[in-house]
Amino acid sequence: MTSRPEIGAGVENVDMSDETVVVTGSTSGIGRETALALARLGATVVVHGRDEEKGRRVVEEIETDDGEATFLRADFSSIDAVRGFADDIRDEVDAVDVLVNNAGGLFSDGRLTDDGIEYSFAVNHVAPFVLTAELLPLLRDSEGRVVNTSSGAHTRADMEFDRLTSAEDYSAFRTYCQTKLANVMFTRELSRRLGEDGAPVTANCFHPGAVPGSGFPRETPLPFRLAARAISALPAAVQSIVVTTVPEGAETAVYLAASPEVDFSGEYLVDCRRRNPSSEARDDEKARRLWELTEEVSDVDYELSS
Ligand SMILES: NC(=O)c1ccc[n+]([C@@H]2O[C@H](COP(=O)([O-])OP(=O)(O)OC[C@H]3O[C@@H](n4cnc5c(N)ncnc54)[C@H](OP(=O)(O)O)[C@@H]3O)[C@@H](O)[C@H]2O)c1
């Protein structure tokens, strides 16, 4: 067991010193470990989240290790804020080689955002959809990579398209699973469209494992929080058998961002290995429908082949 995701991912000798990576949701948890690991490989890192203090601490940690990083704040429940974040990135850096769309969570309460989108879908699905569109020109220039943090929870969902814009009969778990299914569908559909367009950008997604030691439980319903607390109370040796540690949870993100082996696109990975996502996630018609609906609700035009 290592606390360095780059070692677990087998990429500790990769040199990313010419690369700039954006890791959303890197003020804590899996994103933070991903940002620290990629900075250790030499990448310049854009750290993101809402919590300025935590963001500043991650930047300090990277700089103490002689790395380069900057923190940019944006609340992903607002499409304008996501677009503003993309503007800030363009102001701050000249290139984006890797975009890790990681920010997200399982949220107890269902509500509509000011954009009329259900909050979980807004943060977990629409924000990465908009941000990727905004950064695509930079990613094209650097023949870059998009890495999306999905979850094995996607296998528990069927897509209910009207949930994107409705908070009625909200179920935190069901909606979370659907947003993680949306992450896989988005990855596959983006990859297909990029391929048809001849765009030299790859898009892959992954399941990090069950990682109760991240900040993930904080906005979940009480039973989740209690279960996470009970697991955290177990001795470390027992914990490492039943759950994934936070650095281990970042290994596949680091692998997808850094490994020269990643010459594939549109794939779903677990433990740095390609796996089949659920049959629902492989439904190309539904992925196309979700793409079109998301373009509509977010007013984004990718200008890629359909
Ligand atoms: N933990 C698990 O067991 C598990 C399993 C499968 C998949 N995942 C996925 O892994 C990803 C990272 O989760 P984690 O476990 O590392 O949890 P975490 O420690 O809570 O990290 C979540 C990150 O997302 C950011 N975030 C949350 N809401 C946001 C919003 N409205 N606007 C902008 N940023 C926001 C948080 O930043 P601030 O707090 O600074 O806002 C934080 O940096 C998520 O996509 C999650 O679905 C987690």
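Biologist: Which ligand atom does a backbone N or O atom of G215 lie close to, and at what distance?

Modeller: Look for polar contacts, meaning pairs of N or O atoms within 3.5 Å; within protein, one must be able to donate a hydrogen and the other to accept it, and residues adjacent in sequence count only if both atoms are side-chain atoms. Here, a backbone N or O atom of G215 sits 2.7 Å from an oxygen atom of the ligand. Keep in mind that this is a predicted model, where local features need pLDDT of at least 70, side-chain atom pairs count only at pLDDT 80 or more, and totals for chains, interfaces and linings use all residues. Residues are numbered from 1 along each chain as its sequence is written, and side-chain values use heavy atoms, with hydrogens and water left out.

Biologist: What do G104 and Y119 do at the ligand?

Modeller: G104 has a polar backbone atom 3.4 Å from an oxygen atom of the ligand. With Y119, a polar side-chain atom is 3.3 Å from a nitrogen atom of the ligand.

Biologist: And which residues around the ligand come nearest?

Modeller: A residue counts as near if one of its heavy atoms lies within 4 Å of the molecule or strand. There are 32 residues around the ligand, and T27, S28, R50, Y176 and S214 come nearest.

Biologist: Moving on to helices, at what angle do helix 2 and helix 10 pack?

Modeller: Helices (H or I, at least four residues) and strands (E, at least two) are DSSP runs numbered from the N terminus. Axes are lines fitted to C-alpha atoms, for helices over the stretch in contact, and angles run from 0 to 180 degrees between N-to-C directions. Helix 2 (residues 29-40) and helix 10 (residues 251-258) pack at about 40 degrees, their axes 9 Å apart. That makes helix 2 oblique to helix 10 (under 35 degrees is roughly parallel, over 145 roughly antiparallel, 65 to 115 roughly perpendicular, the rest oblique).

Biologist: Which residues meet there?

Modeller: Contact means heavy atoms within 4.5 Å. T34, A37 and L38 of helix 2 meet A253, V254, A257 and A258 of helix 10.

Biologist: How do helix 2 and helix 3 pack?

Modeller: Helix 3 covers residues 52-64, and its axis is 10 Å from that of helix 2, at an angle of about 25 degrees. Helix 2 and helix 3 are therefore roughly parallel to each other. R32, A35, L36 and A39 of helix 2 touch V58, E61 and I62 of helix 3.

Biologist: What about helix 4 and helix 5?

Modeller: Helix 4 (residues 79-92) packs on helix 5 (residues 119-141) at about 30 degrees, with axes 9 Å apart. Helix 4 and helix 5 are therefore roughly parallel to each other.
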